[in-house]
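Dear colleague,

I am passing on the structure we spoke about, together with some notes on what turned up when I went through it. Please look at it first and then read on.

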Amino acid sequence: MAIRLFNTYSRALEEFRPMDPAGREVKMYTCGPTVYSHAHIGNFRAYLFEDLLQRHLESREFTVRRVMNITDVDDKTIRGSREAGVPLAEFTQPFKQAFFEDLDALRIKRADSFPEATDPQQVRKMIEMIGTLLERGLAYQAEDKSVYYRINKFADYGKLAHFDLEELRSTGRVKSDEYEKENIGDFALWKAWDEADGAVKWESPWGPGRPGWHIECSAMATQLLGEQLDIHCGGVDNIFPHHEAEIAQTEGCTGKKFVRYWLHCAHLMVEGQKMAKSLGNFYTLRDVIAKGYSGREVRYALMRVHYRAPLNFTWEGMEESRVALGRVDDWVRRLREAPSSKSPAFAEATAGGQDPKKHQAPNPKSSGFQDALDDDLNISAALGALFETIRETNRRMDTDEMGAEEAKGWLEWWKRVDGVLAISGEEAELPAEIAELAEARVQARLAKDWRKSDQLRDELAARGWEARDTKDGQKVTRRGGT
Ligand SMILES: [Zn+2]
């Protein structure tokens, strides 16, 4: 089965074929965070969808080359650094670091590169592109000294967002306070320096200033991946004006089609409402983890709904995710405890006493998991196939129908599935010091020394491990980490 993806540009499901003549390499660009605060769970929903996409493509033997930018200069970062009274780079640094910690907690694979907008090499590329757009009459310098894109000159402007320029003027979707512009929809490529920018400025042929947000992505994408990309992702709120502008800028410079497949992730709601600081329902990943959830539980909760459907984040949903992962963990543990190949039913079946077909195991290859993801990343159907498999194989273990070989086959299947989902809580082996602490805690509990047991649990937690007491004894798992 071929992979099909929904392309925002055509508003249709299309068969996925990368540009690479060998059909294997995939160039993928994903818009990254603006580092003026901690990213919120809505941002991470988009990053998790991109992670799922990358992992699925890799499981289908594509080689993914991915770039994610870090926006470390814009109005918000400049305002933040002024309010904090520190230079811009000093202000953004802790948020950059926190972002990578959050990626790890959610088990999101690192992109091949994370270019920063303030990197001199990137700024040079942005200036070069703006120069080309000016030469071609696609941009102009206004009285305020800023350089704007002339959207009237780019015939395809509006094609991604699916509205025309007339509509754009009347909807008021663009700010009208920049009166220097020729057209209300023209967007800034270069923002001339003003006092509010303080020390933040770069020299350019048009005077000191800083790049606009949209040109950052065009420059970084083409500099690192080339003039044409296979896949470009982001949240739906990026479609307009950000991605529309990226197309106009890049194609305006190269004359080539910029992106083959545009994929966008729907909004995240919280308890049925739009997430907003004013509503008190605005959560960063850290807020959710502070409530006692692990990174992998958040990963599961944010990933389990199809990326084009709105996701309603609820605390009940977090509990459901915990239960679902517990079922997966129990199932994997059962399979690892290698069912006996001498179990009566199994021995009978293989001894030729009965028709062995009666005891035929479900086939890992036909479980439907991969097919579901091939179908525009239908994660709900893929998880449905996983839990159906768990139900069926558990039943076979309950009735002693599963032998050690079959269990091994399912563990191998699970390894491939988990390479895509990355939700496993089981560690094949605990690091020595963790195993020691875990064993000490078992002893403390046997001695009914609850205080010591709690101490050891806290110590494990401080090292990033979670000790849980289940009916099968203590279970130690990594807290969301890699
Ligand atoms: Zn972008």
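In what follows, two residues are said to be in contact when heavy atoms of theirs lie within 4.5 Å. Please keep in mind throughout that this is a predicted model.

With that meaning of contact, and leaving out residues up to four places away in sequence, Arg 110 touches Arg 66, Phe 100, Leu 103 and Asp 104. Arg 110 itself sits in the loop that runs between α3 (88–105) and α4 (120–135). With one of these partners, Asp 104, the link is also polar, since the side chains of Arg 110 and Asp 104 are joined by a polar contact of 3.1 Å. As for Phe 100, it is 10 residues away from Arg 110 in sequence, and the C-alpha atoms of the two are 8.6 Å apart in space. Arg 110 has a relative accessibility of 42%, and because this value falls between the limits of 20% and 50%, the residue counts as partly exposed.

A second loop residue that I looked at is Ser 204, which is placed between β7 (188–192) and β8 (209–211). Is Ser 204 buried or exposed? Its relative accessible area is 13%, and because buried means under 20%, Ser 204 is buried. Its side chain reaches the backbone oxygen of Gly 207 at 2.7 Å, and it also makes a polar contact of 3.5 Å with the side chain of Trp 190. Once neighbours within four places in sequence are set aside, the residues in contact with Ser 204 are Ile 127 and Trp 190.

Turning to the chain as a whole, there are 16 helices and 15 strands, and buried residues account for 51% of the 482 residues. Of the contacts between residues at least 6 apart in sequence, 74% join residues that are at least 24 apart.

Two helix pairs deserve a description. Helix α15 (residues 432–446) packs against helix α16 (residues 450–462) at an angle of about 160°, with the axes 8 Å apart. Because angles over 145 degrees count as roughly antiparallel, α15 is roughly antiparallel to α16. The crossing of these two helices, α15 and α16, is left-handed. Among the residues making the contact are Ile 434, Leu 437 and Ala 438 of α15, together with Trp 450, Leu 456 and Leu 460 of α16.

In the other pair, the axes of helix α10 (residues 315–336) and helix α13 (residues 379–398) come within 11 Å and cross at roughly 40°, which makes α10 oblique to α13. The crossing of α10 and α13 is left-handed. The residues in contact include Ala 324, Val 328 and Trp 331 of α10, and Leu 386, Phe 387 and Ile 390 of α13.

Finally, a word on confidence. The average pLDDT over the chain is 90, and 89% of the residues score at least 70. Over residues 172–176, however, the pLDDT is below 50, and this stretch has 10 contacts in the model beyond near neighbours in sequence. The pLDDT is also below 50 over residues 344–359, a stretch that has 19 such contacts in the model. Where pLDDT is low, the predicted coordinates should not be read in detail.

With best wishes

Conventions: Residues numbered from 1 in each chain as written. Predicted model: local features only at pLDDT ≥ 70, side-chain atom pairs only at ≥ 80, totals over all residues. Heavy atoms only, no water. Helix = DSSP H or I, 4+ residues; strand = E, 2+ residues; numbered from the N terminus. Buried < 20%, exposed > 50% of the residue type's maximum accessible area, 1.4 Å probe, protein only. Polar contact = N/O pair within 3.5 Å; in protein donor to acceptor, adjacent residues only side chain to side chain. pLDDT = per-residue confidence, 0-100. Axes fitted to C-alpha atoms, helices over the stretch in contact; angles between N-to-C directions. Parallel < 35°, antiparallel > 145°, perpendicular 65-115°, else oblique. Left-handed = near helix turned anticlockwise from the far one by under 90°.
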